[in-house]
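Here is a note for a colleague who has not seen this structure before. The points are numbered so that each can be checked against the model.

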Amino acid sequence: MLDFLTTIFENNKNKNTYPDKIKSENFVKKLFHILFTPDHYILNNVVVFKKNYNKLQKLLYEIFIELNINEKNSDNLTKVFFKEIPNIYQTLIIDANAILKSDPAATVIEEIFLSYPGFFATALYRIAHQLWIQKIPIIPRLITEYAHSKTGVDIHASAKIGKAFSIDHGTGIVIGSSTKIGNKVKIYQGVTLGAIYVDKNLANIKRHPTIEDQVTIYAGATVLGGETVIGHDSVLGGNVWVTKSIPPFSIVYQKSEIKMRNNSPFPDPINFMI
(Lines give C-alpha, C1' and ligand atoms only; values in the text may rest on other atoms or scores of the structure.)
Protein backbone atom coordinates (compact mmCIF):
# COMPACT_ATOMS: atom_id res chain seq x y z
CA MET A 1 0.00 0.00 0.00
CA LEU A 2 2.82 2.41 0.83
CA ASP A 3 4.48 1.68 -2.52
CA PHE A 4 1.17 2.33 -4.29
CA LEU A 5 0.62 5.65 -2.51
CA THR A 6 4.18 6.71 -3.25
CA THR A 7 3.62 5.94 -6.94
CA ILE A 8 0.39 7.94 -7.01
CA PHE A 9 2.10 10.85 -5.25
CA GLU A 10 5.01 10.85 -7.70
CA ASN A 11 2.67 10.62 -10.70
CA ASN A 12 0.56 13.56 -9.57
CA LYS A 13 3.19 15.95 -8.27
CA ASN A 14 4.64 16.38 -11.77
CA LYS A 15 1.34 17.53 -13.27
CA ASN A 16 2.29 21.19 -13.53
CA THR A 17 -0.69 22.02 -15.78
CA TYR A 18 -3.32 20.33 -13.62
CA PRO A 19 -6.06 22.96 -13.11
CA ASP A 20 -8.34 23.35 -10.12
CA LYS A 21 -11.70 21.95 -11.31
CA ILE A 22 -13.72 23.55 -8.51
CA LYS A 23 -12.13 26.95 -9.12
CA SER A 24 -12.99 26.77 -12.83
CA GLU A 25 -16.60 25.86 -12.04
CA ASN A 26 -16.85 28.66 -9.48
CA PHE A 27 -15.52 31.13 -12.02
CA VAL A 28 -18.14 30.33 -14.64
CA LYS A 29 -20.94 30.15 -12.06
CA LYS A 30 -20.05 33.59 -10.74
CA LEU A 31 -19.69 35.02 -14.22
CA PHE A 32 -23.13 33.74 -15.25
CA HIS A 33 -24.52 35.00 -11.95
CA ILE A 34 -23.20 38.54 -12.32
CA LEU A 35 -24.27 38.79 -15.98
CA PHE A 36 -27.81 37.43 -15.65
CA THR A 37 -28.88 36.75 -12.06
CA PRO A 38 -27.04 39.17 -9.74
CA ASP A 39 -28.10 39.52 -6.11
CA HIS A 40 -30.21 42.55 -5.21
CA TYR A 41 -27.59 43.94 -2.83
CA ILE A 42 -25.07 44.02 -5.69
CA LEU A 43 -27.51 45.82 -7.97
CA ASN A 44 -28.04 48.49 -5.34
CA ASN A 45 -24.38 49.51 -5.33
CA VAL A 46 -22.45 50.03 -8.57
CA VAL A 47 -19.15 50.10 -6.66
CA VAL A 48 -19.81 46.63 -5.23
CA PHE A 49 -20.97 45.43 -8.65
CA LYS A 50 -17.73 46.55 -10.30
CA LYS A 51 -15.67 45.14 -7.42
CA ASN A 52 -17.23 41.70 -7.91
CA TYR A 53 -16.59 41.87 -11.65
CA ASN A 54 -12.95 42.75 -11.02
CA LYS A 55 -12.66 39.76 -8.66
CA LEU A 56 -13.71 37.54 -11.54
CA GLN A 57 -10.86 38.88 -13.65
CA LYS A 58 -8.42 38.11 -10.86
CA LEU A 59 -9.87 34.61 -10.49
CA LEU A 60 -9.42 33.86 -14.19
CA TYR A 61 -5.87 35.15 -14.02
CA GLU A 62 -5.17 32.74 -11.15
CA ILE A 63 -6.62 29.86 -13.15
CA PHE A 64 -4.28 30.66 -16.03
CA ILE A 65 -1.31 30.79 -13.64
CA GLU A 66 -2.26 27.32 -12.39
CA LEU A 67 -2.10 26.14 -16.00
CA ASN A 68 1.58 27.07 -15.93
CA ILE A 69 1.03 30.12 -18.15
CA ASN A 70 3.46 32.89 -17.25
CA GLU A 71 2.26 36.08 -15.58
CA LYS A 72 2.49 38.29 -18.67
CA ASN A 73 0.56 35.89 -20.89
CA SER A 74 -1.98 35.18 -18.15
CA ASP A 75 -2.62 38.90 -17.83
CA ASN A 76 -2.99 39.34 -21.61
CA LEU A 77 -5.28 36.31 -21.94
CA THR A 78 -7.48 37.59 -19.13
CA LYS A 79 -7.78 41.01 -20.78
CA VAL A 80 -8.64 39.46 -24.16
CA PHE A 81 -11.32 37.25 -22.60
CA PHE A 82 -13.03 40.06 -20.70
CA LYS A 83 -12.84 42.32 -23.73
CA GLU A 84 -15.07 39.77 -25.48
CA ILE A 85 -17.60 39.51 -22.65
CA PRO A 86 -19.80 42.37 -23.97
CA ASN A 87 -20.11 40.56 -27.33
CA ILE A 88 -20.85 37.24 -25.62
CA TYR A 89 -23.45 38.95 -23.44
CA GLN A 90 -25.20 40.55 -26.41
CA THR A 91 -25.29 37.22 -28.26
CA LEU A 92 -26.78 35.53 -25.22
CA ILE A 93 -29.46 38.22 -24.92
CA ILE A 94 -30.37 37.42 -28.54
CA ASP A 95 -30.48 33.71 -27.62
CA ALA A 96 -32.73 34.41 -24.62
CA ASN A 97 -35.11 36.53 -26.69
CA ALA A 98 -35.30 33.74 -29.29
CA ILE A 99 -36.42 31.37 -26.54
CA LEU A 100 -38.90 33.92 -25.19
CA LYS A 101 -40.35 34.43 -28.68
CA SER A 102 -40.70 30.74 -29.55
CA ASP A 103 -41.73 29.14 -26.25
CA PRO A 104 -45.37 29.72 -25.28
CA ALA A 105 -44.53 28.70 -21.70
CA ALA A 106 -42.00 31.51 -21.28
CA THR A 107 -43.46 34.64 -19.71
CA VAL A 108 -40.54 37.04 -19.13
CA ILE A 109 -36.86 36.95 -20.03
CA GLU A 110 -35.86 36.80 -16.35
CA GLU A 111 -37.57 33.41 -16.17
CA ILE A 112 -35.22 32.18 -18.88
CA PHE A 113 -32.15 33.53 -17.08
CA LEU A 114 -33.17 31.93 -13.79
CA SER A 115 -34.65 28.59 -14.77
CA TYR A 116 -34.08 27.47 -18.36
CA PRO A 117 -31.40 24.74 -18.55
CA GLY A 118 -31.02 25.23 -22.30
CA PHE A 119 -30.05 28.86 -21.84
CA PHE A 120 -27.64 28.01 -19.01
CA ALA A 121 -25.94 25.37 -21.18
CA THR A 122 -25.74 27.78 -24.11
CA ALA A 123 -24.26 30.53 -21.94
CA LEU A 124 -21.56 28.27 -20.55
CA TYR A 125 -20.81 26.97 -24.04
CA ARG A 126 -20.31 30.52 -25.36
CA ILE A 127 -17.97 31.34 -22.46
CA ALA A 128 -16.03 28.11 -22.99
CA HIS A 129 -15.89 28.69 -26.75
CA GLN A 130 -14.13 32.02 -26.25
CA LEU A 131 -11.53 30.29 -24.08
CA TRP A 132 -11.19 27.60 -26.75
CA ILE A 133 -10.60 30.34 -29.37
CA GLN A 134 -7.82 31.64 -27.13
CA LYS A 135 -6.30 28.12 -27.11
CA ILE A 136 -6.69 27.67 -23.35
CA PRO A 137 -6.24 23.97 -22.50
CA ILE A 138 -8.62 21.88 -20.37
CA ILE A 139 -10.68 24.77 -18.91
CA PRO A 140 -13.17 24.97 -21.82
CA ARG A 141 -13.95 21.27 -21.36
CA LEU A 142 -14.32 21.66 -17.60
CA ILE A 143 -16.86 24.44 -18.17
CA THR A 144 -18.96 22.59 -20.76
CA GLU A 145 -18.89 19.40 -18.69
CA TYR A 146 -20.06 21.39 -15.68
CA ALA A 147 -23.01 22.57 -17.80
CA HIS A 148 -23.51 18.97 -18.93
CA SER A 149 -23.68 17.76 -15.32
CA LYS A 150 -26.23 20.43 -14.41
CA THR A 151 -28.48 20.33 -17.49
CA GLY A 152 -27.92 17.11 -19.42
CA VAL A 153 -26.83 19.19 -22.43
CA ASP A 154 -23.43 18.22 -23.85
CA ILE A 155 -21.98 20.89 -26.16
CA HIS A 156 -18.33 20.68 -27.09
CA ALA A 157 -16.52 23.99 -26.63
CA SER A 158 -15.13 23.95 -30.18
CA ALA A 159 -18.54 23.67 -31.89
CA LYS A 160 -19.58 26.78 -33.83
CA ILE A 161 -23.08 28.05 -33.02
CA GLY A 162 -24.76 31.11 -34.51
CA LYS A 163 -27.05 33.65 -32.88
CA ALA A 164 -30.65 33.22 -31.71
CA PHE A 165 -29.89 29.63 -30.72
CA SER A 166 -32.73 28.01 -28.82
CA ILE A 167 -32.67 24.78 -26.80
CA ASP A 168 -36.06 23.60 -25.53
CA HIS A 169 -36.04 21.23 -22.52
CA GLY A 170 -32.47 20.25 -23.28
CA THR A 171 -31.91 16.91 -21.55
CA GLY A 172 -29.91 14.46 -23.64
CA ILE A 173 -28.69 16.86 -26.33
CA VAL A 174 -25.22 16.12 -27.74
CA ILE A 175 -23.43 18.58 -30.04
CA GLY A 176 -20.07 17.30 -31.26
CA SER A 177 -16.82 19.20 -31.53
CA SER A 178 -16.84 20.05 -35.26
CA THR A 179 -20.55 20.82 -35.51
CA LYS A 180 -21.50 24.06 -37.27
CA ILE A 181 -24.88 25.61 -36.48
CA GLY A 182 -26.28 28.69 -38.18
CA ASN A 183 -28.58 31.41 -36.88
CA LYS A 184 -32.11 30.97 -35.53
CA VAL A 185 -31.78 27.22 -34.99
CA LYS A 186 -34.02 25.46 -32.48
CA ILE A 187 -33.23 22.07 -30.97
CA TYR A 188 -35.35 19.90 -28.69
CA GLN A 189 -34.38 17.29 -26.10
CA GLY A 190 -32.54 14.13 -27.07
CA VAL A 191 -31.03 15.47 -30.30
CA THR A 192 -27.60 14.17 -31.32
CA LEU A 193 -25.36 16.02 -33.77
CA GLY A 194 -22.57 13.50 -33.99
CA ALA A 195 -20.07 11.55 -36.05
CA ILE A 196 -20.85 8.48 -38.15
CA TYR A 197 -17.92 6.67 -36.58
CA VAL A 198 -15.14 7.47 -34.16
CA ASP A 199 -11.45 7.11 -34.90
CA LYS A 200 -8.61 8.94 -33.16
CA ASN A 201 -6.97 9.53 -36.55
CA LEU A 202 -9.94 11.75 -37.49
CA ALA A 203 -9.35 14.19 -34.62
CA ASN A 204 -8.59 17.11 -36.96
CA ILE A 205 -11.21 16.27 -39.59
CA LYS A 206 -14.79 17.60 -39.62
CA ARG A 207 -16.80 14.65 -38.33
CA HIS A 208 -20.01 16.37 -37.26
CA PRO A 209 -22.83 17.89 -39.31
CA THR A 210 -23.57 21.42 -40.47
CA ILE A 211 -26.99 22.86 -39.58
CA GLU A 212 -27.89 25.92 -41.64
CA ASP A 213 -30.04 28.90 -40.61
CA GLN A 214 -33.59 28.61 -39.29
CA VAL A 215 -33.64 24.83 -38.88
CA THR A 216 -35.81 23.13 -36.26
CA ILE A 217 -34.80 19.69 -34.98
CA TYR A 218 -37.37 17.87 -32.88
CA ALA A 219 -36.89 15.48 -29.98
CA GLY A 220 -34.78 12.38 -30.43
CA ALA A 221 -33.49 13.21 -33.92
CA THR A 222 -29.97 12.07 -34.83
CA VAL A 223 -27.84 13.79 -37.48
CA LEU A 224 -24.45 12.26 -38.22
CA GLY A 225 -21.43 12.92 -40.41
CA GLY A 226 -19.05 15.72 -41.29
CA GLU A 227 -20.35 15.98 -44.85
CA THR A 228 -24.00 16.04 -43.78
CA VAL A 229 -25.62 19.45 -44.29
CA ILE A 230 -29.16 20.25 -43.17
CA GLY A 231 -30.32 22.98 -45.51
CA HIS A 232 -31.75 26.22 -44.19
CA ASP A 233 -35.42 26.49 -43.19
CA SER A 234 -35.75 22.72 -42.84
CA VAL A 235 -37.58 20.74 -40.16
CA LEU A 236 -36.43 17.38 -38.83
CA GLY A 237 -39.19 15.47 -37.07
CA GLY A 238 -38.84 13.47 -33.90
CA ASN A 239 -36.62 10.37 -33.89
CA VAL A 240 -35.43 10.67 -37.49
CA TRP A 241 -31.98 9.33 -38.38
CA VAL A 242 -30.12 11.44 -40.94
CA THR A 243 -26.71 10.62 -42.44
CA LYS A 244 -27.05 12.41 -45.79
CA SER A 245 -27.49 16.06 -46.68
CA ILE A 246 -30.97 17.57 -46.81
CA PRO A 247 -31.81 20.44 -49.20
CA PRO A 248 -33.22 23.74 -47.91
CA PHE A 249 -36.93 23.93 -47.01
CA SER A 250 -37.14 20.18 -46.43
CA ILE A 251 -39.34 18.33 -43.95
CA VAL A 252 -38.06 14.98 -42.72
CA TYR A 253 -40.28 12.76 -40.60
CA GLN A 254 -41.12 9.18 -39.81
CA LYS A 255 -44.35 7.90 -41.28
CA SER A 256 -46.81 6.59 -38.74
CA GLU A 257 -49.19 3.80 -39.67
CA ILE A 258 -52.53 3.20 -37.98
CA LYS A 259 -54.43 -0.08 -38.40
CA MET A 260 -58.02 -0.47 -37.24
CA ARG A 261 -58.78 -3.79 -35.59
CA ASN A 262 -62.06 -5.59 -36.23
CA ASN A 263 -64.65 -6.61 -33.66
CA SER A 264 -62.82 -9.79 -32.70
CA PRO A 265 -61.30 -9.90 -29.21
CA PHE A 266 -58.04 -8.08 -28.87
CA PRO A 267 -55.19 -10.61 -28.61
CA ASP A 268 -53.60 -10.97 -25.25
CA PRO A 269 -50.30 -9.11 -24.98
CA ILE A 270 -47.13 -11.04 -24.35
CA ASN A 271 -46.67 -11.38 -20.63
CA PHE A 272 -43.19 -10.88 -19.30
CA MET A 273 -41.45 -9.69 -16.19
CA ILE A 274 -38.51 -7.29 -15.83
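**Notes on the predicted model**

1. Helix α7 covers residues 117-133, and its 17 residues reach 24 Å from the first C-alpha to the last, close to the 24 Å expected at 1.5 Å a residue. The model in which this helix appears is predicted. Of the 17 residues in α7, 14 are buried, and the helix is mostly covered. Lysine 135 follows α7 and has a positive phi, near 65°.

2. For the overall picture, the protein has eight helices and 14 strands. Its C-alpha atoms fill a box of roughly 80 × 55 × 40 Å along the principal axes. There are 274 residues, of which 44% count as buried. Among contacts with a separation of 6 or more, 43% come from residues 24 or more positions apart.

3. Two open sheets can be described strand by strand. One has four strands in the order β2-β5-β8-β11, with parallel pairing. Its edge strands, β2 (160-161) and β11 (229-230), each pair on one side only. Strand β2 is joined to β5 (residues 180-181) by two bridges, and the two run parallel. Here isoleucine 161 stands opposite isoleucine 181 of β5.

4. The other has five strands, ordered β1-β4-β7-β10-β13, and the pairing is again parallel. At its edges are β1 (154-155) and β13 (241-242), each of which pairs on one side only. Two bridges pair β1 with β4 (residues 174-175) in the parallel sense. Isoleucine 155 has isoleucine 175 in β4 as its bridge partner.

5. The structure holds six salt bridges. One of them is between glutamate 66 and lysine 23, at 2.8 Å from N to O. Glutamate 66 lies in helix α4 (residues 46-66) and lysine 23 in helix α2 (residues 21-36), so this pair ties together parts that are 43 residues apart in sequence. Glutamate 66 is partly exposed, with a relative accessible area of 27%, whereas lysine 23 is buried at 19%. Lys23, Glu62 and Glu66 are linked in a network of salt bridges.

6. Helix α7 also takes part in a salt bridge: arginine 126 and aspartate 95 meet at 2.7 Å, N to O. Arginine 126 is in α7 and aspartate 95 in helix α5 (residues 71-102), so that distant parts of the chain, 31 residues apart, are linked. Are these two residues buried or exposed? Both arginine 126 and aspartate 95 are buried.

7. A further salt bridge stays within one helix. Arginine 141 and glutamate 145 have their closest N and O atoms 3.1 Å apart, and both lie in α8 (residues 139-151), four residues apart, about one turn of the helix. An α-helix has 3.6 residues a turn, so residues three or four places apart point the same way. Arginine 141 is partly exposed, with a relative accessible area of 45%; glutamate 145 is partly exposed too, at 27%.

8. Which side chain of opposite charge is nearest to lysine 186? It is aspartate 168, 4.0 Å away, and lysine 186 is buried yet has no salt bridge. Lysine 186 is placed in strand β6 (residues 186-188). Its side chain makes a polar contact of 3.3 Å with the side chain of tyrosine 188. Leaving aside neighbours within four places in sequence, lysine 186 is in contact with Ser102, Ser166, Asp168, Val215, Thr216 and Ile217.

Methods: Residues numbered from 1 in each chain as written. Predicted model: local features only at pLDDT ≥ 70, side-chain atom pairs only at ≥ 80, totals over all residues. Heavy atoms only, no water. Buried < 20%, exposed > 50% of the residue type's maximum accessible area, 1.4 Å probe, protein only. Lys, Arg positive; Asp, Glu negative; His and termini not counted. Polar contact = N/O pair within 3.5 Å; in protein donor to acceptor, adjacent residues only side chain to side chain. Contact = heavy atoms within 4.5 Å. Pairing = 2+ DSSP bridges. Expected span 1.5 Å × (residues − 1).
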